[in-house]
Amino acid sequence: MIRLENVSKKYENNGQNSNYVLENLSLQFEDGEFTCILGKSGCGKSTLLNLIAGYIKADSGQIYANGESLSGPSKEIGVVFQEHALFPWNTVYENISFGPTINKAPDREETVMKYLDLIGLTEYKDYYPSQLSGGMKQRVGIARAFANHPKTLLMDEPFSALDPITRQSMRTELLKIWKESNCTVIFITHDVSEAVYLADKVVVLGDGSVKMTDTVNLERERDIHSPEFIAYEKKYEEQILS
């Protein structure tokens, strides 16, 4: 479980005034839960993710992972960014096996083959990133993150650069891997439809604080054209714009 208690973060504005991006923010992410974070640009979504990842420090407040205070990056927390950041000199297999190899995981081979199968790229295991499409590269990046067996996976708009058809395919792939892993996922997106499709819970940020926390009570696989789905979209859009 990830818990934030009264967390604040501010940045200097041209060396003069300090502006709070997040102020006294408290949130809790349950084990195995898929949470999507929505909000306007500049509302603090990426700052929140970087705080949880341990890449930046809060000015005040506390962040806990499984009851322990976070003071920096943790091997129990993985991160996937917009860019896949694969090692270009390594094959698909070698990229996915990087974490298990470093950690001397006894089940490395089994783990890598499992995730290659889940992302549908077993036959591409000896390919290099330069030989893959954008969607395939992002699949490998996600598989590499899950192969480390993180308890929590942070995802910062990982599908935003993909075309609509590939993006929808990636959402389906991600849900399949997430269900297999029982990992907690915190997923940042600007796409309201994407949030409704993926999330157990949606958090809307605005003006440095939480504007809404809501449970998405829709069975999977979700029909994006159903009245219930559209009603959730409308509700979150109204909160973002208010």
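User: Does Lys176 count as buried, exposed or partly exposed, and what is its relative accessibility?

Analyst: This is a predicted model, and in it Lys176 has a relative accessibility of 38%, so this residue counts as partly exposed. The side chain of Lys176 meets that of Glu173 in a salt bridge, with 3.5 Å from N to O, and Glu173, at a relative accessible area of 15%, is buried.

User: How should I read the spacing of Lys176 and Glu173 in helix α5?

Analyst: The general idea is that an α-helix has 3.6 residues a turn, so residues three or four places apart point the same way. In this case Lys176 and Glu173 are 3 residues apart in helix α5, and therefore about one helical turn separates them.

User: How many salt bridges does a search of the whole structure find, and which residue forms one with Arg171?

Analyst: The search of the whole structure gives 11 salt bridges. Arg171 forms one with Glu194, where the closest N and O atoms are 3.0 Å apart. Because Arg171 belongs to helix α5 and Glu194 to helix α6 (residues 192-198), this pair ties together parts that are 23 residues apart in sequence. Arg171 and Glu194 are both buried, and they are linked with Arg167 and Asp191 in a network of salt bridges.

User: Where does Thr91 lie, and with which residues is it in contact, leaving aside its neighbours within four places in sequence?

Analyst: Thr91 is found in the loop between β6 and α2, and with a relative accessible area of 8% it is buried. Once the neighbours within four places in sequence are left aside, Thr91 is in contact with Lys125, Asp126, Tyr127 and Tyr128. Among these contacts, Asp126 and Lys125 have side chains that meet in a salt bridge of 3.6 Å, N to O. Asp126 is exposed, with a relative accessible area of 53%, whereas Lys125 counts as partly exposed at 29% relative accessibility.

User: How is a pair of aromatic rings described, and how many such pairs does a search of the whole structure find?

Analyst: A pair of aromatic rings is described by two values, the distance of the centres and the angle of the planes. The search of the whole structure finds 8 aromatic pairs. In one of them, the rings of Tyr124 and Tyr127 have centres 4.9 Å apart and planes at 70 degrees, so this pair is edge-to-face. Tyr124 counts as partly exposed at 25% relative accessibility, and Tyr127 likewise counts as partly exposed, at 33%. Phe159 and Phe187 form a pair that is tilted, with 5.7 Å centre to centre and 55 degrees between the planes. Since Phe159 lies in the loop between β7 and α5 while Phe187 lies in strand β8 (residues 184-188), the pair ties together parts that are 28 residues apart in sequence. Phe159 and Phe187 are both buried, and ring pairs link them with Phe34 and Trp178 into a cluster.

User: Why can helix α4 be called largely enclosed by the rest of the structure?

Analyst: The reasoning rests on a count of buried residues: 12 of the 14 residues of α4 are buried, so the helix is largely enclosed by the rest of the structure. The buried residues of α4 include Met136, Val140, Ile142 and Phe146, and what covers the buried residues includes β6 (77-80), α2 (92-102), α3 (108-118), β7 (152-156) and α5 (164-181). Helix α4 itself (residues 134-147) reaches 20 Å from its first C-alpha to its last, close to the 20 Å expected at 1.5 Å a residue. Following α4 comes His149, whose phi is positive, near 55 degrees.

User: Arg144 is one of the buried residues of α4, so over which ring does its charged end sit?

Analyst: The charged end of Arg144 sits over the ring of Phe87, 5.1 Å from the centre of that ring.

User: How many disulfides are counted when the sulfur atoms must lie within 2.5 Å?

Analyst: By that cut-off the count comes to 0 disulfides. Cys43 is in none, as the nearest cysteine sulfur, that of Cys36, is 13 Å away; Cys43 is also buried, with a relative accessible area of 6%. Cys183 is in no disulfide either, and for this residue the nearest cysteine sulfur, again that of Cys36, is 14 Å away. Cys183 is buried, with a relative accessible area of 2%.

Key:
Residues numbered from 1 in each chain as written. Predicted model: local features only at pLDDT ≥ 70, side-chain atom pairs only at ≥ 80, totals over all residues. Heavy atoms only, no water. Helix = DSSP H or I, 4+ residues; strand = E, 2+ residues; numbered from the N terminus. Expected span 1.5 Å × (residues − 1). Buried < 20%, exposed > 50% of the residue type's maximum accessible area, 1.4 Å probe, protein only. Contact = heavy atoms within 4.5 Å. Phe/Tyr/Trp six-rings, centres within 6.5 Å; stacked < 30°, edge-to-face > 60°. Lys NZ or Arg CZ within 6 Å of the ring centre and 35° of its normal. Salt bridge = Lys/Arg side-chain N within 4 Å of Asp/Glu carboxyl O.
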